[in-house]
Amino acid sequence: MRFTKPRDLLAVGLIAGLLVHLLLRLSYDTLPELPTFAGFTLLVIAAVDLVLAFSLRARIQRKPGAAPVQPLTAARAVALAKASSLLGAIMAGAWAGVLIYVMPVQDEFDAARHDLVSAVVGLISAAVLISAGLWLEHCCKTPKDPNSDE
């Protein structure tokens, strides 16, 4: 298994941002205002990732009193971590695309000022989700065996 690379997340985020920006250029005047707290759903996923990360970390590092982790549980946690960081990158790109579009057109559209706040909330929430996903993935690493020669 290879760990998630920041360049992969950056590439996905850039593509999502470009697509959203292009979509907004074509049809922003026909869209309704974005919900201010739409990005908060990403924070809920990030919270789940963080709780799982701290729970698994002690168990994977075999701390005294911690129950061992089943391999399938660790594999599912890594899959969740990778999916979370990828979703965070896509949404960060999308919210950045919105932000880049609405900043210069605030005077043209009344909804742009409102959407600017939504984009900032969404971008921050997406960054937190990326961080939580990468942290969960890091916590699922198998510790080095102290008895090995390496």
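Two residues are said to be in contact here when heavy atoms of theirs lie within 4.5 Å. With that in mind, let's walk through this predicted model, starting where two helices meet.

Helix H1 covers residues 6-27 and helix H3 covers residues 71-102; their axes come within 7 Å and cross at roughly 40°. The crossing of H1 and H3 is right-handed. If you want to follow it on screen, pick out Leu9, Val12, Gly13, Ala16, Gly17, Val20, His21, Leu24 and Arg25 on the H1 side. Facing them from H3 are Ser85, Leu86, Ala89, Ile90, Gly93, Ala94, Gly97, Val98, Ile100 and Tyr101. By class, the residues of this contact comprise twelve nonpolar, six polar and one charged.

Now turn to helix H2, residues 40-60, where you will find Leu50; Ala46 belongs to H2 too. Are these two residues buried or exposed? Ala46 has a relative accessible area of 2%, and because buried means under 20%, Ala46 counts as buried. Leu50, at 31%, is partly exposed, since that term covers values between 20% and 50%.

Their contacts beyond four places in sequence are worth a look as well. Ala46 touches Val128, Leu129 and Ala132, while Leu50 touches Ala132 and Trp135. For a sense of distance, Leu50 and Ala77 are 27 residues apart in sequence, with 11 Å between their C-alpha atoms. Ala46 and Arg7 are 39 residues apart along the chain, and their C-alpha atoms are separated by 21 Å.

Next come the pockets. The largest has a volume of about 260 Å³. It is lined by 16 residues, and Gly13, Leu14, Ala92, Gly93 and Ala96 are the closest to its centre. H1, H3 and helix H4 (110-139) each give two or more residues to this lining, with the largest share, eight residues, coming from H1. Gly13 and Gly93 also belong to the contact between H1 and H3. The lining of the largest pocket has eleven nonpolar and five polar residues, and no charged ones.

The second largest pocket holds about 220 Å³ of space. Of its 13 lining residues, Ile60, Arg62, Val69, Ala74 and Thr142 are the closest to the centre. H2 and H3 are the elements that give two or more residues here, and H3 provides the largest share, four residues. What classes of residue make up the lining of the second largest pocket? Nine are nonpolar, two are polar and two are charged.

Notes: Residues numbered from 1 in each chain as written. Predicted model: local features only at pLDDT ≥ 70, side-chain atom pairs only at ≥ 80, totals over all residues. Heavy atoms only, no water. Axes fitted to C-alpha atoms, helices over the stretch in contact; angles between N-to-C directions. Left-handed = near helix turned anticlockwise from the far one by under 90°. Nonpolar A, V, L, I, M, F, W, Y, C, P; charged D, E, K, R; others polar. Buried < 20%, exposed > 50% of the residue type's maximum accessible area, 1.4 Å probe, protein only. 1 Å grid on protein atoms, 1.4 Å probe; cavity = no way out; pocket = protein on both sides within 12 Å on 5 of 7 lines; lining within 4 Å. Points joined across faces, edges and corners; volume = space filled by probe spheres on them.
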